[in-house]
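Biologist: I am new to this one. Please show me the structure, and then let me ask about it.

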There are 2 protein chains.
Amino acid sequence: MTKALDGIKVLELCHAYNGPFCGMMLADHGAQVLKIESPRGDQCRTWGPFDKKSGESGFFAFVNRNKKGITLNLKNEEALKMFYDLVKDADVVIENYRGGVAKKLKVDYDTLKKINPRIIYGSSSGFGQTGPLSNRPCYDIVAQSMGGMVNMTGFPDGPPTKVGPSIADNVTGVFLCLGVLMALYSREKTGKGQQIDVAMLDTIFSLLENGIVNYTVGGEIPQRQGNIDPSIAPFDIFKAEDGYVAIGVGNDKLFNIFCETIGHRELLENPKFKTNDLRCKNYVGDLQNVIRKWASTKKRKYIEELFDSAGLPCGPVLDMKEAIEQPQIKARNMMVEIEHPTMGKTKFQGVTIKLSGTPGNVDFPAPLLGQHNKEIFNLSEDEYENMKKKGIF
Amino acid sequence: MTKALDGIKVLELCHAYNGPFCGMMLADHGAQVLKIESPRGDQCRTWGPFDKKSGESGFFAFVNRNKKGITLNLKNEEALKMFYDLVKDADVVIENYRGGVAKKLKVDYDTLKKINPRIIYGSSSGFGQTGPLSNRPCYDIVAQSMGGMVNMTGFPDGPPTKVGPSIADNVTGVFLCLGVLMALYSREKTGKGQQIDVAMLDTIFSLLENGIVNYTVGGEIPQRQGNIDPSIAPFDIFKAEDGYVAIGVGNDKLFNIFCETIGHRELLENPKFKTNDLRCKNYVGDLQNVIRKWASTKKRKYIEELFDSAGLPCGPVLDMKEAIEQPQIKARNMMVEIEHPTMGKTKFQGVTIKLSGTPGNVDFPAPLLGQHNKEIFNLSEDEYENMKKKGIF
C-alpha cells in the first residue's frame with residue numbers, strides 16, 4: 001500500500017533519541033531513511049535495556065526501526081565525498097549535533113545546499129542554532145528545567161520534579177518532523193529547500209499551556225499543584241485499594257452525577273461546593289478528603305466501571321505492563337512485533353498517527369552497525385575491506 | 001514574506017486546547033484558519049487567566065491567534081448548509097469532538113468527503129476513532145494516567161505524579177498537525193484527501209521513551225525515579241542556596257572534569273565511582289550526598305557559570321517569570337507581543353519551528369466570538385441580524 005512519504009529520501013546524521021525519533025516517524029510513513037553512524041556507532045546502542053541473548057539495545061531497536069544503516073567516518077575526506085554524493089540525490093538531511101559541530105564536520109546547511117539546493121535540512125539541538133546559549137551542551141533534564149516544566153511538575157510541598165520520560169527529546173523530534181513536512185510541502189510550491197531549526201528549550205517552553213499567560217496576562221507566577229487542576233474541581237488522582245485512579249469532574253452537571261454516583265448527595269446541598277469556582281476554593285482538605293476516603297476502600301476497576309457507566313471521565317494510573325496490555329492500546333495497534341536479525345521477535349510501540357488513505361507501518365527492524373554499507377555503495381567484499389582499512393567506514 | 005502553508009484553507013471545528021493547538025501551528029505557518037465556534041463559544045473562552053480590564057481569556061487568546069472566527073449553530077439546517085459550502089473550498093477540516101459527536105452533527109469525514117473528495121480531515125480525541133474506548137470522555141489527566149506517564153513521574157517514595165502542563169492535549173495537537181502535513185504532502189502526489197486519527201492515549205504512550213522496551217525487551221516493569229536517570233550518574237536536580245539546578249554528567253571524561261570542578265578530586269580515587277555503571281549503583285545516598293552538600297552552599301547562577309565554563313551540561317530550574325525572561329528565549333523570539341482589540345498589548349509564546357526560507361509569524365490576534373461572521377459570509381447588517389434571529393449564528 002502507498003505510504004504518505006513514499007519516494008522521499010532522508011539522510012539521518014542523528015544520534016541518541018531526539019533526531020532519531022524524527023527519523024523514525026518519517027520512516028514509519030514511507031520515507032527511505034538512511035541512518036549514517038560514525039564507525040563507533042550511535043551512543044544509543046550502549047543504552048539499555050539490552051536483549052539478554054544478543055546484547056542488542058532495545059532502546060536503539062525501537063527508535064531506529066524501518067531505517068537502513070551505514071557507517072561513515074565523516075572526518076575522512078573520501079568518506080565525506082561519499083556523503084556528498086548521497087546528498088545530491090536526497091530530499092532531506094536531519095541532524096542533532098551540538099551547535100557548531102555540523103559546520104566543523106562540513107555537513108552544515110550552507111555547505112550542503114551548494115551541492116543540492118532542493119535539500120531540506122532539519123537541525124535539532126538543545127538550545128537552537130541562534131542565541132547566546134546556541135553552542136552549549138544540553139540534556140533532556142536541563143531543557144525541562146530551564147524551559148519551565150520541572151518547576152510546574154510535582155507537589156507544592158515537595159521538590160520540583162522532572163517528567164519521567166525524556167519529553168524534551170522526543171517532542172522536539174516531533175516538532176522537527178513537523179518542520180520537515182512543512183518544508184517538503186513548501187518545496188512543492190517553490191522548488192526550494194530550507195533549514196529547520198528546533199530546540200529542546202523552545203519545545204518545552206511551548207508546552208507550558210497557560211503557564212506563560214498566567215504570568216503575562218494574569219500577573220501571577222504559577223506554582224506547581226501536584227495532581228490537581230487549579231481551575232477545575234474535583235480533578236485529581238486518588239488512591240484506591242489497589243492503586244491510583246484519575247478523576248475529572250469538569251462542570252456542575254457532571255458534579256451532580258458525580259455526587260449521586262459516589263453516594264454523597266449531601267455534597268450537593270453544601271453551599272461550599274455550589275459552583276466550580278467554590279469547589280476550587282474549598283477543594284483541598286475538604287471535598288478532597290471526602291473523595292479520598294470514598295476511593296480508599298474501592299478497587300480501581302470498580303471505580304473505572306462505575307464512572308464510565310455514569311459518563312464521568314476517569315481512568316486508572318497504569319504501570320508499564322498494564323499500559324501495554326490494555327485493550328485500547330491493542331485495538332489501536334500501538335504495540336507491534338518485528339523479527340530482528342539478532343534479537344529475534346521484538347515488541348515495541350507502533351505508529352501514533354493513523355492515516356486512513358496512506359497508513360504508516362513498521363516493516364523492518366533497526367540496522368546492525370554498518371549493515372548496509374556494501375549495499376548502499378554497491379561494493380564487493382574486497383572493495384569494502386579496502387575502504388575499511390582506509391578508515392572510511 | 002511567503003509562509004510554508006500559504007494558500008491552505010483550514011476549517012477548525014475545535015474547542016479547548018488540543019485541536020486548537022494544531023490550528024495555531026497551521027495558522028502560524030501561513031494557513032488561513034477559520035475557527036468555527038458554536039454560538040455559546042469555545043469553552044476555552046471561560047478558562048483563566050483573564051485580562052483584568054476586558055475579562056478576555058488569556059488561554060483562548062494565545063492558542064487562537066492568527067485565526068479568523070465565526071459562529072455557526074451546526075444543529076440548524078441552514079447553518080449546516082453554510083458549513084458545507086465552506087467545505088467545498090477548503091483543504092483541511094480539523095475537529096476534536098468526543099468520539100461519535102462529529103457523526104451526530106453530520107460533519108464527519110464520510111459526509112464531508114462526498115462534498116469535497118480532496119478534503120483532509122484531522123480528528124483528535126482522547127481515545128481515538130476506533131477501539132473499545134473510542135467514545136469515552138477523556139481529560140488530559142486521564143490520558144496521562146492510562147498512557148503510563150503518571151506512574152513514571154515523581155519519586156519512588158511518593159505518589160504517581162501528573163506532568164504539570166497538559167502535555168496529552170498539546171502534544172496530541174502537534175501529532176495532529178504532523179498528520180495533516182503528511183496528508184497534504186501525500187495529496188500533492190495522489191490528488192486524494194484522507195482522515196487523520198490521533199488519540200491522547202496513543203500520544204502519551206508514544207512518549208514513554210525506553211519504558212516500553214524496558215518491559216518487552218528488558219523484562220522489567222520500570223518504576224518512577226524522581227529526578228535521577230537510572231542509567232547515568234550523576235544526573236539529578238540539586239537544591240542550591242537560592243533554588244534548584246539540573247546537572248548531568250554523561251560519561252567518564254565528564255565525570256573527571258566534574259570532580260575537578262567541584263573540588264572533590266578524591267571521588268576519582270574511590271573505586272565505587274570508577275565507571276558510570278558503578279556510579280549508578282552507588283549513587284543514591286552516597287555520591288548524591290556529596291553533591292547535595294556541595295550545591296547547598298552555592299547560588300544557582302554560580303553553579304551554572306562554573307559548569308558552563310567547564311563544558312558540563314547544567315541549567316537552573318526556572319519559574320515561569322524566569323523562563324520567560326531568560327536571554328535565550330528572547331533571542332529565539334519565543335515571546336511575542338500582539339495588539340488585541342479588547343485586551344490591548346498581549347504577550348504570549350512565539351513560533352517554535354524556525355524555518356529559514358518560509359518563517360512562521362504571529363500576525364494578528366485571536367477573534368472575538370463571531371467577529372468575522374459578516375465578513376466570511378459577505379452579509380449586510382440586516383441580513384446578519386435576520387440570520388441570527390433564525391438561530392444560525
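The questions below go from the model to its rings and then to its two chains.

Biologist: What kind of model is this?

Modeller: Residues are numbered from 1 along each chain as its sequence is written, chains are lettered from A and ligands numbered from 1 in the order in which they are written, and side-chain values use heavy atoms, with hydrogens and water left out. Local features need pLDDT of at least 70, side-chain atom pairs count only at pLDDT 80 or more, totals for chains, interfaces and linings use all residues, and the model is predicted.

Biologist: How are the rings of A:F255 and A:F258 arranged?

Modeller: Rings of Phe, Tyr and Trp (its six-membered ring) pair if their centres lie within 6.5 Å; planes under 30 degrees apart are stacked, over 60 edge-to-face, the rest tilted. By this rule there are 26 aromatic pairs over all chains. For A:F255 and A:F258 the centres are 6.3 Å apart and the planes at 25 degrees, so the pair is stacked.

Biologist: Where in chain A do A:F255 and A:F258 lie?

Modeller: Helices are DSSP runs of H or I, at least four residues, numbered from the N terminus. Both residues are buried, meaning under 20% relative accessible area with a 1.4 Å probe, protein chains only. They sit three residues apart, about one turn, in helix α10 (residues 252-261).

Biologist: Which residue lies over the face of B:F255?

Modeller: A charge sits over a ring if NZ of Lys or CZ of Arg is within 6 Å of the ring centre and within 35 degrees of the ring normal. In chain A, A:R279 lies over A:F255, at 4.2 Å from the ring centre. Over B:F255, also at 4.2 Å, lies B:R279.

Biologist: What relation links chain A and chain B?

Modeller: Copies are superposed by least squares on C-alpha atoms of residues with pLDDT of at least 70 in both. A rotation of 180 degrees with 0.0 Å of shift along its axis puts chain A on chain B, at RMSD 0.0 Å. That is the relation of a two-fold axis.

Biologist: How much area do chain A and chain B bury between them?

Modeller: Buried area is the accessible area (1.4 Å probe) that two parts lose on being put together, summed over both. Of it, 68% is on carbon and sulfur atoms. The total is about 11900 Å².

Biologist: Which residue of chain B forms a salt bridge with A:D197?

Modeller: A salt bridge is a side-chain nitrogen of Lys or Arg within 4 Å of a carboxyl oxygen of Asp or Glu. Between chain A and chain B the count is ten. For A:D197 the closest N and O atoms are 2.7 Å apart, and the partner is B:R332.

Terms used
Helix = DSSP H or I, 4+ residues; strand = E, 2+ residues; numbered from the N terminus. Buried < 20%, exposed > 50% of the residue type's maximum accessible area, 1.4 Å probe, protein only.
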